[in-house]
Amino acid sequence: MELINPILEFKKVCVSYTKQTMAVKYVSAQIERNSITAIMGPSGCGKSTLLRAVNLMHNLYPNIHVDGEILLNGADILTMEPIDVRRKVGMVFQRPTPFPTMSIYDNVLAGFTLNGIRLSKNEREETVESCLRSVSLWDEVKDVLNKKGTFLSGGQQQRLCIARALALKPDILLMDEPTSALDPIATKHIEELLLQLKNDVTILIVTHNMGQAMRISSRSMFMYLGELIEYDDTQKMFSDPSDERTKAYLTGKMG
Amino acid sequence: MNDKIFRIILYLAACLMPVVCGGIVYALVTDAFEAFNHFGFLNFLTSSEWSYTDGAERYGALPFITGTLLTTLLALVFCIPFSLPVALFVGEYFKGTRIAEVLSTITSLLAGIPSIIYGLWGFYTLRPIIMSLNISPQGSGILTASLVLAIMIVPYAASLSAEFVKMVPDDLKEGAYSLGATRAEMVRKVIFPVAGSGIFSSYILAIGRALGETMTVTMLIGNTNQMPGSITETGNSMASIIANQFGEADGLRLSSLIAIGLVLFLITAIINLIGKYLIKRARIA
């Protein structure tokens, strides 16, 4: 299926950690705007590696090479400055990573302070409130904004990290197993949140929780040994996978 | 039976440490008593006279306390611009690489050089430079001693703070990068705040080392007993006045030197305890 106006497009993307071993092999795919796309697959299949290529995280590690093209709104990000790309592509990690020395308030604004962008007091207050509201954290923390971010529960910390990423108004939000360190209730909260957020931002989420992929994503990728095996509507993939390996994974015969 | 003997040996060895420490404190206190008794404790600490004319002996520790605190403080100021970059180089920018390994090996080599060698270098290399720059006529003084002292404590401050820089989790660094931070911004806004208390405690321990450093300071500070008027003037630190005069002193003067030793011991002990406490806290956090 060819999308007319994909927000993101992978073209023969390869990622290698050493010359001999490729972690991601010739992945080509288009990502639909304002949707949630899940990337699934067993551990070591390259799903996180592919995700981290989108905000040029691999540039931090000189041994890792990324080849091919990754087009964000038609422009190849692999030729762009990492700093510019990362402001348009937000990321939420497996473990919540609020900055431990910053207050909740400062954590939301970290994207601005880290980039040396000065906001007026009004802009700051508005940003903090609207971002915390959009992750449904405002009511819980509005009286403790000056406490450290690490004072919150794991699920709240993860929502704070999402708010922090949203503050920069990214085009895409990358999520690397964002609920794997959380309990089921916090996980449910985050999933509900993502379904609301997709109206404003495109979400690409790595998960090895198949139920999660089914509940929230409209399209799903299945990766195995670095290759993109199958990419289809989530409903279709779960009910009628076209590849034997996808079927084996989805039915629990392969993990 | 064998086991019992072994236990006794262990107990004896373990008891020896507190006994030695207590013995040193006891000796210092009893021998310093005469000076404190004669001049009064506070008066001894705040008087800046040091004259050993017979019959009109006046001893006060203030010039030497000032000398010690001034050299230590200056050494710290000079040490930071060198040790902080080394810590970042080893602990962040070139973390885990060969070049970082080489640099930290050389840094720890510097820590092992005997202080007399630093003293010689300072006396025959640095002192002439200070003279030729017209900073002070005789070349030695508070400033010269502080500069060499700074070089001596760089290895301590650098290697310890590098450990704390290294301990900042990758998660947090990637979190900052993912928001579009440059490396310099990440260092400023994430590494410094997170590793800050650890880095701070490294400097406290480095200070602890500078306070008691004797040989280098004695060779370079100029050994005069007045209050130093400025940092380019000569003076004496607590350690250097003792090293200079203990051989020829007796009676009240010897007791005064020992009293200075007791004060130095207390200051160093307190600084070290604070440093160790802060490091312990920084490691837990």
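**Group meeting: a predicted two-chain model, from one residue outward**

I will start with one residue: A:Glu230 counts as buried, because 21 C-beta neighbours lie inside 10 Å. Buried here means 20 or more other C-beta atoms within 10 Å of a residue's own, exposed means 12 or fewer, and partly exposed is in between, with C-beta atoms placed from the backbone.

Before going on, some housekeeping. This is a predicted model, in which local features need pLDDT of at least 70 and side-chain atom pairs count only at pLDDT 80 or more, while totals for chains, interfaces and linings use all residues. Residues are numbered from 1 along each chain as its sequence is written, and chains are lettered from A and ligands numbered from 1 in the order in which they are written.

Back to A:Glu230, which is found in strand S10 of chain A, residues 227-233. Helices (H or I, at least four residues) and strands (E, at least two) are DSSP runs, numbered from the N terminus. Which residues does A:Glu230 contact, leaving aside neighbours within four places in sequence? They are A:Phe222, A:Met237, A:Pro241, A:Ser242, A:Asp243 and A:Thr246. Contact means that the two C-beta atoms, placed from the backbone, lie within 7 Å. From A:Glu230 to A:Leu60 is 170 residues in sequence and 30 Å in space, C-alpha to C-alpha.

Staying in chain A, helix H1 covers residues 47-54 and is mostly covered, with eight of its eight residues buried. Among them are two that carry charge in their side-chain class, A:Lys47 and A:Arg52. Just after H1(A), A:Leu56 takes a positive phi of about 60 degrees.

Next, where the chains meet. Chain A puts 22 residues into the contact and chain B puts in 16. On the side of chain A that touches chain B, helix H2 (82-88), strand S6 (89-92) and helix H4 (110-114) each supply at least two residues. H4(A) gives the largest share, four residues. By class, that side of chain A has 10 nonpolar, eight polar and four charged residues. For the classes, Ala, Val, Leu, Ile, Met, Phe, Trp, Tyr, Cys and Pro are nonpolar, Asp, Glu, Lys and Arg are charged, and the others, Gly among them, are polar.

A:Arg95 is a residue to look at here. It sits in the loop between S6 and helix H3 (104-108) of chain A. Is A:Arg95 buried or partly exposed? A:Arg95 has 18 C-beta neighbours inside 10 Å and so counts as partly exposed. Not counting residues up to four places away in sequence, A:Arg95 touches A:Ala181 and B:Asp171. The C-alpha atoms of A:Arg95 and A:Val206 are 13 Å apart, with their positions 111 residues apart along the chain.

Now chain B. It has 11 helices and two strands, running α-α-β-β-α-α-α-α-α-α-α-α-α from the N terminus. Its C-alpha atoms fill a box of roughly 75 × 70 × 30 Å along the principal axes. Of its 285 residues, 43% count as buried.

Two helix pairs are worth showing. H7(B), residues 170-178, and H8(B), residues 183-212, have axes that come within 10 Å and cross at roughly 155 degrees. Axes are lines fitted to C-alpha atoms, for helices over the stretch in contact, and angles run from 0 to 180 degrees between N-to-C directions. H7(B) and H8(B) are therefore roughly antiparallel. The cut-offs are under 35 degrees for roughly parallel, over 145 for roughly antiparallel, 65 to 115 for roughly perpendicular, and oblique for the rest. In this pair, B:Leu172, B:Lys173, B:Ala176 and B:Tyr177 meet B:Met186, B:Lys189, B:Val190 and B:Val194. That contact has six nonpolar, no polar and two charged residues.

The other pair is H3(B), residues 62-93, and H4(B), residues 98-112, packed at about 140 degrees with axes 9 Å apart. That angle makes H3(B) oblique to H4(B). Here B:Val86, B:Phe89 and B:Val90 meet B:Ala100, B:Leu103, B:Ser104 and B:Thr107. This contact has five nonpolar, two polar and no charged residues.

Last, the core. A nonpolar core is a set of buried Ala, Val, Leu, Ile, Met, Phe, Trp, Tyr and Cys residues joined through C-beta atoms within 7 Å. The largest one has 147 residues, and A:Ala163, B:Ile153 and B:Ile260 have the most contacts inside it. H6(B), residues 142-166, gives the most to this core, with 17 residues. Leaving aside neighbours within four places in sequence, the contacts of A:Ala163 include A:Val108, A:Cys131 and A:Leu137.
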